[in-house]
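Please open the structure in your viewer and keep the sequence panel visible beside it. The tour below moves from one selection to the next and says what to look for at each stop.

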Amino acid sequence: MAKAIAEGAKSAGNVEVELNYHVDAEDLGKFDAVLVGAPTYHHDMTMDTKKLFEEAAAKGISLKGKVGAAFGSYGWSGEAPKLVLEIMRNKFEMRVTEQPLLAKYVPDQNTLNMCRNLGKRVAESLIHAA
Ligand SMILES: Cc1cc2nc3c(=O)[nH]c(=O)nc-3n(C[C@H](O)[C@H](O)[C@H](O)COP(=O)(O)O)c2cc1C
């Protein structure tokens, strides 16, 4: 899903795209948009994702006004991307315009296309805002 989103974002043209398995809280500040992959475990996001946001908050890293989006694979309930978006919107005052993008277990071609489109839309919104 992350690769398809990155591919879609690059297809928009004049944007720099980074695909990271891990980022430090300090790194978040350097991006105009942050799209977080959040699989659902035990009705929640994973510990590393929660820790990332907690560290960013504790260190006073401002994400205000940056575009935020979340996606993830799930099995039966799929809460994690929605929870991530709530933190982005309510805690960090990020601009959240996209719905959570979910894939049941393994993304099919249709879901991967939705991922590409998500990446493209977010990148285009940055290009238009520039
Ligand atoms: C220990 C464990 C707990 C899980 N808990 C949930 C859950 O609460 N809700 C849900 O929708 N899926 C749950 N799943 C299913 C995962 O979200 C699913 O396998 C998903 O594809 C994992 O994505 P990943 O391979 O990107 O980590 C759980 C899976 C495991 C192994």
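## A tour of helix, sheet and charged pairs

Before selecting anything, note that at 54% relative accessibility Lys30 counts as exposed, and keep in mind throughout that this is a predicted model.

**Stop 1: the sheet.** Select strands β1, β2 and β3, which form an open sheet in the order β1-β2-β3 with parallel pairing. Because β1 and β3 stand at the edges with a single partner strand each, one side of each of them has no neighbour in the sheet. As you look along the sheet, the twist from one strand to the next averages 10°.

Now select β1 together with β2 (residues 67-74), and you will see a parallel pair that is held over five bridges; within this pair, Val34 stands opposite Gly68 of β2. Then move to β2 and β3, which also run parallel and are joined by four bridges, and find Gly72, whose bridge partner in β3 is Leu102.

Stay with β3 and show its side chains. In a regular strand, side chains alternate between the two faces of the sheet. Which residues lie on the covered face of β3, and which on the uncovered one? The covered face has Leu101 and Ala103, whereas Leu102 and Lys104 belong to the uncovered face.

**Stop 2: helix α3.** Select residues 47-58, the 12 residues of helix α3, which at 1.5 Å a residue should span 16 Å, and its end C-alpha atoms are indeed 16 Å apart. Colour Thr49, Leu52, Phe53 and Ala56, which are the buried residues of α3. These residues cover an arc of only 90° around the axis, which means that they sit on the same side of α3. If you add α2, β1 and α4 to the view, you will find the elements against which the buried residues of α3 pack.

Next, turn the helix to the face directed away from its buried side, where the exposed residues Met47, Asp48, Lys51, Glu54 and Ala58 are carried. Just after α3, select Gly60, which takes a positive phi of about 65°.

**Stop 3: charged pairs.** Side chains of opposite charge can pair when their charged atoms come close. With a cut-off of 4 Å between a side-chain nitrogen of Lys or Arg and a carboxyl oxygen of Asp or Glu, the count comes to 10 salt bridges.

Begin with Lys30 and Glu18, whose side chains meet in a salt bridge at 3.8 Å, N to O. Lys30 lies in the loop between α2 (25-28) and β1 (33-37), and Glu18 in the loop between α1 (2-11) and α2, so the pair ties together parts that are 12 residues apart in sequence. Glu18 is partly exposed, with a relative accessible area of 46%.

Then select Arg121 and Glu98, which form a salt bridge whose closest N and O atoms are 2.8 Å apart. This pair links distant parts of the chain, since Arg121 is in helix α5 (residues 109-129) and Glu98 is in the loop between α4 (80-91) and β3 (101-104), 23 residues apart. Is each partner buried or partly exposed? Arg121, at 40% relative accessibility, counts as partly exposed, while Glu98, at 17%, counts as buried. Finally, select Glu26, Lys51, Glu55 and Lys59, which are joined into one network by salt bridges that share partners. Within this group, Lys59 forms a salt bridge with Glu55, with the closest N and O atoms 3.8 Å apart.

Technical notes:
Residues are numbered from 1 along each chain as its sequence is written. This is a predicted model: local features need pLDDT of at least 70, side-chain atom pairs count only at pLDDT 80 or more; totals for chains, interfaces and linings use all residues. Side-chain values use heavy atoms; hydrogens and water are left out. Helices (H or I, at least four residues) and strands (E, at least two) are DSSP runs, numbered from the N terminus. Buried means under 20% relative accessible area, exposed over 50%, partly exposed in between (1.4 Å probe, protein chains only). Two strands pair if DSSP finds at least two bridges between them. Axes are lines fitted to C-alpha atoms, for helices over the stretch in contact, and angles run from 0 to 180 degrees between N-to-C directions. The expected span of a helix is 1.5 Å times one less than its number of residues. The arc is that of the directions from the helix axis to the C-beta atoms. Contact means heavy atoms within 4.5 Å.
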